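Trainee: Please take a close look at the aromatic rings and at what surrounds them. One connected account would help.

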Amino acid sequence: MLRCGPARSYRPIALPLLAFAVGCNIDNGLSGKTANPPIFDTGTEYIPVTDSEDSSPPDSPVDSVPLESCGDQYFPAKNLPQLEECFSEGSTVGTFTPEVLWSTETFATNSGSVSCMMQPIVCSLTDDNGDGTIDDDDTPDVMIITYSPGVLRAMNGDDGTELWSATGGGQIQITGGAACGDIDNDGVVEVIAATSSGVDVFDNTGNLKWSFTGGSGHLDGTSDAPGIADMDHDGNPEVLIGNCILDNSGSKLGCGTGGYGTSSNVGSAAFAVDLDQDGELELVAANAVYDINGTSLWSNGQQDGYVAVGNFDGDDYGEIAVTGDAKMRVQDDDGTVLCSAAIPAASSSYGGPPTVADFDGDGEAEIGVAANSTYTVFETDCSVLWQYTGTTDPSSGNTGSAVFDFEGDGIADVVYADERWVWVFNGADGSVKMQDTNHSNNTWLEYPTVADINADGSADIAVCNTPGSWGSHNGVTVFSDADLSWRKGRPIWNQHGYSITNVNDDGSIPRDQDTNWLTYNNFRSGDLTPGVGYSGPDLIATIEDVCVDECVSDNIVVWVTVGNQGYTDVTDPFNIEIIGETDVGEVILSTVAYTAGVVQGYQTDSISVELVGVPKPLYDVRAEVDGGNSESLSEIDECYELNNEDTWGAIVCL
């Protein structure tokens, strides 16, 4: 039933109620018959969809009349493309039969530098298919740093063939990390390597483009990993190292004065997210959060540590998981400590970078952390879900981990490499699925990377090696599934502080980065699509037209269509809201309770909403379905929550 009412305040701006009346009509535009609805209740009934096999759009609501000077318009129902993320094909779970795909342990250039103690990164550097562009249609490439000296190396993802090597200014951290992404918008990625006091930035062929050396005191200098993000949404990504923010030409925008995301052990891994959902990205440390100029937005006085972000309390804001120094804690978006716990069996300075995922398939995120001889998964209230004892990492105790649902069974498997083995644990209970000896490492801050490295449609695992007490491996080893049944991974994993939405498949950096925890709610995880047999809906709203002929009388008509890009019919009711941008902020002009249902793969007939007595000036209007892009306001469980809004994008009434 359609309902319209007075405007109310709309988060995040608190507003008083405005003194104007709002009316609304529904129009399917088919016959031109008219009816004058009441202001607050048209009495219009929608016919809900009850048969999920029905492939036709639902019946349209009854006809009604738009304002006199606004012509009768009709935007018909139509088919819509459906999102891959909303459906997982097949009825059987994949197998788990890992094998070595390739291993590169020797190099033609700088042949004495062969050991690797970093997390491999993956992106496309070469035009493999000859179409004139380098993008996600090409075979990905693998980048590592070897030592000594510190050498940045690029290898072909098909077979590990060496593409190039680079030493930059000679100060590449021998146990540091790298990142890749198109920072100058030329359509080709750059590769960024941590140095002892900043970063070296290389083009896709290994030529040094620029260096930053002013980061001393703002990074560890031993095992740091850079990050990339467009913090101010201007289309020019920033480069992050420690708590320093650089523009895409190497000029320092600012450095923080507090923590930079390190424990009392070694290293840091920089990244930026919109933690408080204010529209701007922040660089996140464990005890401080910084804006693009390095200004502290808050500092909570807690010990610094390694960080990850996720949604742990159901609101739209991000929470911070902090590990290191034998402890784990969870902080709210303002730095308030929500809970804390000791990492069982961890030595005083140990505990690696946290990983966030739904490990056990219960629909809620958990936090994984490695330390000493253990891997522990915590619930978000800091209680222990499970712990595996039997890993071997006495040298540093602060390695990280990745997560991926290899078989598509809905369980996020843990991928972890210690000094001796490459492990895969079942995320639900910690049972061992893989314990491979084609690996050795003295370990720092690294973890294995999961991506479709050879573009065969099945995910792979890349892990770095050094010789030591437990073996003599060097370089990098890539594992794949002998049956090619592992689920498809992305063709990119571009930085240590990785989340799915921080980079596009082609290596470009999003100008407006989607909030990862509102859709995927994971961190250092490659899980992009649902488990086998999953299907879900995906509601979208589209403003088809806005009639402003009667702005002089403070009246407008908005035509909206609602679509479902998912693979499941929506049968439950949801709200459609028309929101206006006014001098006093955003106000809801109309709320429509939509009960007709939306068939999968269809867009509805247009709905006309007549707004009477709107405030002026009215700078813009936006349509939102099912709470808009806010997961906490959503009533429908969708496979993708960040496309539920559409903005007209023009001044409506002055």
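Mentor: The charged end of Lys433 sits over the ring of Phe96, at 4.8 Å from the ring centre. A charge sits over a ring if NZ of Lys or CZ of Arg is within 6 Å of the ring centre and within 35 degrees of the ring normal. Arg153 and Phe107 make another such case, with the charged end 4.1 Å from the centre of the ring.

This is a predicted model, in which local features need pLDDT of at least 70 and side-chain atom pairs count only at pLDDT 80 or more, while totals for chains, interfaces and linings use all residues. Residues are numbered from 1 along each chain as its sequence is written, and side-chain values use heavy atoms, with hydrogens and water left out. The pLDDT (the predictor's confidence in each residue, from 0 to 100) averages 88 over the chain, and 88% of the residues score at least 70. Over residues 1-66 the pLDDT stays under 50.

Now the rings among themselves. Rings of Phe, Tyr and Trp (its six-membered ring) pair if their centres lie within 6.5 Å; planes under 30 degrees apart count as stacked, over 60 as edge-to-face and the rest as tilted. By this rule there are 17 aromatic pairs. The pair of Phe406 and Trp486 is tilted, because the ring centres are 4.7 Å apart and the planes stand at 55°. Phe406 lies in the loop between β30 (402-404) and β31 (413-417), and Trp486 in the loop between β36 (476-481) and α1 (516-519), so the pair ties together parts that are 80 residues apart in sequence. Helices (H or I, at least four residues) and strands (E, at least two) are DSSP runs, numbered from the N terminus. Both Phe406 and Trp486 are buried. Buried means under 20% relative accessible area, exposed over 50%, partly exposed in between (1.4 Å probe, protein chains only).

Trp423 and Phe425 form a stacked pair, 5.4 Å centre to centre with 25° between the planes. Trp423 is buried because its relative accessible area is 0%, and the value for Phe425 is 0%, so Phe425 is buried. Trp423 and Phe425 belong to one aromatic cluster with Tyr375, Trp386, Tyr388, Tyr416 and Trp421.

Val415 links the two pairs in this account: leaving out residues up to four places away in sequence, Val415 touches Phe406 and Trp423, among others. Contact here means heavy atoms within 4.5 Å. The further residues that Val415 touches include Ser401, Ala402, Val424, Pro448, Val450 and Ile461. Val415 lies in strand β31 and is buried, because its relative accessible area is 0%. From Val415 to Val463 is 9.9 Å in space, C-alpha to C-alpha, although they are 48 residues apart in sequence.

One more aromatic residue is Tyr306, whose bridge partner in β23 is Thr323. Two strands pair if DSSP finds at least two bridges between them; strand β22 (residues 306-310) pairs with β23 in the antiparallel sense over five bridges. Strand β23 (residues 319-324) is mostly covered, with six of its six residues buried. In a regular strand the side chains alternate between the two faces of the sheet. Thr323 points the same way from β23 as Glu319 and Ala321, while Ile320, Val322 and Gly324 point the other way.
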